[in-house]
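Visitor: I am new to this structure and would like a close look at a single part of it. Please take one helix and its surroundings, then move outward from there.

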Amino acid sequence: MPQIKIPNSNPKPNPNKYERPPVLKKSRTNSDDVVPAPHFPGPLFPAVRRSSPSPPPPASSTAADASGFSDRDWLFPSFLGPHTVRGRVPVQAAKSPKHDFSHSHSGSPNRSRSMPSGLGGGGHGEMVESMRLIGALRSSTEVPESEKEAKPVAVRSSSSTGLSARRARGFKRSVYLYLLILTCIFSVSYAIYLRNEVTKLQGEITNLLILCNDKDDVHNHSYKVLKLGDDGSSSYFGNADSRTVALYTVLFTLAMPFVFYKCLDYFPQVKNLSNRTKCNKEEVPLKKRIAYIVDVCFSVYPYAKLLALLFATIFLIGFGGLALYAVSDGSLAEALWLSWTFVADSGNHADRVGTGQRIVSVSISSGGMLIFAMMLGLVSDAISEKVDSLRKGKSEVIERNHILILGWSDKLGSLLKQLAIANKSIGGGVVVVLAERDKEEMEMDIAKLEFDFMGTSVICRSGSPLILADLKKVSVSKARAIIVLASDENADQSDARALRVVLSLTGVKEGLKGHVVVEMSDLDNEPLVKLVGGELIETVVAHDVIGRLMIQCALQPGLAQIWENILGFENAEFYVKRWPQLDGMRFEDVLISFPEAIPCGIKVASDGGKIILNPEDNYVLREGDEVLVIAEDDDTYAPGPLPEVHRVPFHGVIPPPKYPERILFCGWRRDIDDMILVLEAFLAPGSELWMFNEVPIKEREKKLTDGGFDIFGLVNIKLVHREGNAVIRRHLEDLPLETFDSILILADESLEDSIVHSDSRSLATLLLIRDIQSKRLPDRDTKSAASRHSGFSHSSWIREMQQASDKSIIISEILDSRTRNLVSVSRISDYVLSNELVSMALAMVAEDKQINRVLEELFAEEGNEMCIRPAEFYLFDQEELCFYEIMIRGRQRQEIVIGYRLATTERAIINPPDKSKRRKWSIEDVFVVISIDE
């Protein structure tokens, strides 16, 4: 059998220095060749070398026996299977009693290249030799002294760093555990020592009592004392046993949490029952699980903190009492009471005597101070949270029959003002505002209005109208009216948000008691909201209201002030009420039956509650019919006896024919196609509409046709397009501004998101147009201004405004009410319309949803409308008549006269008082009527 020879170039290697592994080669060799140690080639199974720093053998032992194994060996990796690393056992040869483990390798015969690694390849003889070596290895039990004295060498592997870190952590934990155990042992020993000292002192006291007695009674008394001492000793030891148990119980209970916390990682981890645990994923430590459970309990259950604090207090009192019982002579009940006093008042432990009692009392007092600090923190947090909830508007509103406003916009100030005036007659009401703003900011903005709400309370709450919980917080199901304001976004986004709010309102389980008034921005989106909301929804299209009012005011100057008087609650407004005593009367008699109101229409009960404006004179009121009137307030009017009125026929002046007009639109609105249709219905044939804006002409036509507008279907008006910027003077100078009958300055669509920028642009355009007109027609402008301030010319005031022979009438659309007041005071524009009119309409529909039908008809291009008529239609100059007689003459023209404006005053009077009082009228006066469109 060939032997393994390993040359040793360094006969005295350094034992403290690791050897460099030899370069192994696999080849066939003779008996004199060096055979390398077997190993697994390839990167998948790297060999791990194990070396021993044992000193080299003497020179005579260089010829090692091939059957011996050295301590340096090539081992399989640990992941190939479990194995035990132990010292190598040499095989004693016949010629060499000792083996050099630092130079001898595990011998094996020459292996064939074709055989697997680890098996011999030298034939049957080599296989027998291998079996002989294995048998010698099993039978060998002798371990050489060199292996016993050899120091272990660290294994060079990738896991050595992690193993060292784990050993360091385990050592640190064991140190803490040992310190804790030593502390417990020392405490118990010190307690036993104190108990022994107390026992010695008791014995000395007994001896002193015996010595102090008389000599005559020494024997009897000593016998009694000893007997008492024996009884006391037995009871004392019984008591001492209970106190010792109490002391050990306290120490064990106090030590267990620390031991449990330190040894928590050594407990078996709870396995998940799901199949996913089979994958090799890192398990969550038990400490983190317990911390997570505690966190969830404190977060989910609101009273968990209080219960934990109560448990800590009871625990401290109980174990503090046991500790006092263990170190004192009192009873357990007395010790528990003292523990409570120490917890409640940290200064009660000052009179304690003895080291043990002082230590325990100080510990209990410290724990009591900590518990009371935690209690104060919890109470302070609860109070702060409640105050913060009240400050941020998170508390619930408990109200009934209130008005709920959802959203926030620039119209809110005027809306609150109108609602406060409407509730003045009942001593004030309650208005709740729910918006996505901070409660303090909303209250500050409302306070800046500097308006007397006359008993009306305004309650602000912070929340979203899209969340049902926030809607329930403001008692949405108990409100008598709900107003949904449009947001300050563009029209499509605002209407989309209003639609979502309506969907949220329909999802209220309790249902809605009142109706919902929704402010829309685009007329095209109105049908969808009504489809979703059903009969409870009333819509007010802000752009549509302003646009139609602008056209009516352009055709009839002065009408804006009339609408402000009717829509606002400060003067006269619409009311619908049932009067049974009027059943069976004709409408011409009902018209003069109210001294403090003016009837305008009938709500027909037989027609599903349809309101008919300006009905026929011969209409007879039936049972269930209601009367629509214009009055100061809902409790200020009632029908009275019929007055004596002279019904004298009057043939007034024939209305003049309509003349073609030229109107200029500065700007582009979303609903400009609707405005064009209204003008088409009102203007005479041959009229022109000039459109001046920055939108390209081709794009204008595309926008109009996309909305379903038929440009070639216009009969009365002709569209004239001009492209330019309305705030650039040279662009405006290219227009014949002096030839227009009316100029309408519109809030441009491109600036509808910013109210301030839109008003600034409108104001700049107004100033430029006025300056250009004054320079082109200085004489006419001065004459017109003089006639305008003095009242009216010798002709009719309305006819002069319609002919516009001296200057153009400018109607400005101002969105902010503050800018509107500035423009009105400076008198640079004839009429200004703003969002305040929309707020008035919203407030009126919120108080009574039936009024929305009246407003829709009056704003429409067909049907009844509000008009201004000259006095010559109803009377002669300086004729003496009462207002009832003028109303009767108006019925001859199928009109209802609701007010007048004198030539010597600037404001109209709607629903005038003392209607039976006769007075002289001027031909320059004008009357406000509701008339059927001709």
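Guide: Angles under 35 degrees count as roughly parallel. That cut-off is needed for helix H15, which is the starting point here; the model is a predicted one. H15 covers residues 559–567. It packs against helix H24 (residues 836–847) at an angle of about 30 degrees, and the two are therefore roughly parallel to each other. Their axes lie 9 Å apart. The crossing of H15 and H24 is left-handed.

H15 also takes part in a contact between rings. Trp563 and Phe859 form an aromatic pair, with 4.7 Å from centre to centre and 45 degrees between the planes, and this pair is tilted. Trp563 lies in H15, whereas Phe859 lies in helix H25 (residues 851–859), so the pair ties together parts that are 296 residues apart in sequence. Trp563 and Phe859 are both buried.

A second pair has another geometry: Phe873 and Tyr874 are edge-to-face, at 6.4 Å centre to centre and with 65 degrees between their planes. Both of these residues, Phe873 and Tyr874, are buried as well. They belong to one aromatic cluster, together with Phe883, Tyr900, Trp921 and Phe927. Trp921 has a charged partner too: the charged end of Arg919 sits over its ring, 4.8 Å from the centre. An arrangement of this kind is also found at Trp408, where Arg437 lies over the face of the ring at 4.6 Å from its centre. In total, the structure holds 13 aromatic pairs.

From the rings, turn to the strands that follow H15 in residue number. An open sheet of 4 strands has antiparallel pairing and the order S9-S12-S10-S11. Its edge strands are S9 (573–578) and S11 (610–613), each of which pairs on one side only. On average, neighbouring strands in this sheet are turned by 35 degrees against each other, direction ignored. Within the sheet, strand S10 (residues 597–604) and strand S12 (residues 626–631) run antiparallel and are joined by 6 bridges. One position to look for is Gly601, which stands opposite Leu628 in S12.

Just ahead of S10 is a loop that connects it with helix H16 (587–590), and Pro595 lies in this loop. Pro595 counts as partly exposed because its relative accessibility is 38%. The C-alpha atom of Pro595 is separated by 7.7 Å from that of Ala638, although the two residues are 43 apart along the chain.

The last stop is a strand pair with the parallel sense. Strand S16 (residues 742–745) pairs with S17 in that sense over 4 bridges. Leu744 has Ile811 in S17 as its bridge partner. Strand S17 itself spans residues 809–813 and is mostly covered, with 5 of its 5 residues buried. Both of its faces are covered: Ile809, Ile811 and Glu813 are buried on one side, and Ile810 and Ser812 are buried on the other. Ile811 is therefore worth finding twice in the view, once as a buried residue of S17 under the 20% limit on relative accessible area and once as the bridge partner of Leu744.

Note on methods. Residues are numbered from 1 along each chain as its sequence is written. This is a predicted model: local features need pLDDT of at least 70, side-chain atom pairs count only at pLDDT 80 or more; totals for chains, interfaces and linings use all residues. Side-chain values use heavy atoms; hydrogens and water are left out. Two strands pair if DSSP finds at least two bridges between them. Axes are lines fitted to C-alpha atoms, for helices over the stretch in contact, and angles run from 0 to 180 degrees between N-to-C directions. Rings of Phe, Tyr and Trp (its six-membered ring) pair if their centres lie within 6.5 Å; planes under 30 degrees apart count as stacked, over 60 as edge-to-face and the rest as tilted. Buried means under 20% relative accessible area, exposed over 50%, partly exposed in between (1.4 Å probe, protein chains only). A charge sits over a ring if NZ of Lys or CZ of Arg is within 6 Å of the ring centre and within 35 degrees of the ring normal. Angles under 35 degrees count as roughly parallel, over 145 as roughly antiparallel, 65 to 115 as roughly perpendicular and the rest as oblique. A crossing is left-handed if the near helix is turned anticlockwise from the far one by less than a right angle, and right-handed if clockwise.
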